[in-house]
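Q: Please take a close look at one part of this model, the open sheet and the helices that lie against it. Which strands form it, and what packs on it?

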Amino acid sequence: GEIFYYGDSHNNPWGNKSKQELKSILLTIKDWFKSHQIDGIYSGCNTTLSLFQKELPLIFEVPVFNILQNTQHFYEENEYTALSTQNSYDYQLFKTFLEKKEIQEIACKNLASLIEKNQINDAIETASEYIKTSKFKSIILGCTHYPLILNELEKKFPEKTFIDPATYLDTSALEFDTSKNIKIEFKTSGNLITFKRILNTHLSLSKYTLNAKEYTNTEQLVK
């Protein structure tokens, strides 16, 4: 099996862009995926989910799944704070997703962008200011960038329970033969060195392909 990952660093952040801008970007991403003859897509962007949920299969011309799909039953508390992007906040993504719960949504301006640029200290400081305004103990990290600073947030706010929705991901649609090696290919539209540094920091991959070139996780990064 093969997994293809498109990281649109060049156009980050998505959370404050218009739907028209994002539609144009999605069509560019669609062309890259189409060139690799993919069978389905897992969308890791909650901003995309907020704006295009019903349109995504039509845009990409293949089945499109998302990280919140079929996971409501994992959220057992009655109250949650959701840290989200501006678009997810405007479209009340988590209030809709967990409609029977009491949800406080907080739009976290610039947070995803800081994490994407690997400016971790600034990201932690920014996230902390938003967390200080949270009303509830359980906090949903509502953008898939945010869990990249999960460990630091747990140390800084031990009284809070942070939730990474991706840990509940419904993978029932995946049909991989796990007895064989799975090829992973990444594509970034942004800075190659920064993206590679993020990959090597957060993923335990012995080998991968990035922008059509093969790398190992032990290679020295150029600064």
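A: What follows describes the open sheet strand by strand, then its helices, and ends with a separate strand pair. The model is a predicted one, and the description should be read in that light. In the open sheet, 4 strands follow one another in the order β1-β8-β9-β10, with mixed pairing. Its edges are β1 (2-7) and β10 (213-216), each of which pairs on one side only, and from one strand to the next the twist averages 30°.

Within this sheet, strand β8 (residues 183-188) and strand β9 (residues 207-210) run parallel and are joined by 2 bridges; the residue of β9 that partners Glu185 in a bridge is Thr209. Helix α9 (residues 192-202) packs on the sheet, where it touches β1, β8, β9 and β10, and its direction makes about 155° with that of β9. A second helix, α1 (residues 19-35), lies across β1 and β8 and runs at about 155° to β1. Strands β1 and β8 are thus touched by α9 and also crossed by α1.

As for the separate pair, strand β4 (residues 79-84) runs parallel to β5, and 6 bridges join the two. Along this pairing, Ala82 stands opposite Glu105 of β5. Strand β5 (residues 102-107) is largely enclosed by the rest of the structure, because 5 of its 6 residues are buried, where buried means under 20% relative accessible area.

Conventions: Residues are numbered from 1 along each chain as its sequence is written. This is a predicted model: local features need pLDDT of at least 70, side-chain atom pairs count only at pLDDT 80 or more; totals for chains, interfaces and linings use all residues. Side-chain values use heavy atoms; hydrogens and water are left out. Buried means under 20% relative accessible area, exposed over 50%, partly exposed in between (1.4 Å probe, protein chains only). Two strands pair if DSSP finds at least two bridges between them. Axes are lines fitted to C-alpha atoms, for helices over the stretch in contact, and angles run from 0 to 180 degrees between N-to-C directions. Contact means heavy atoms within 4.5 Å.
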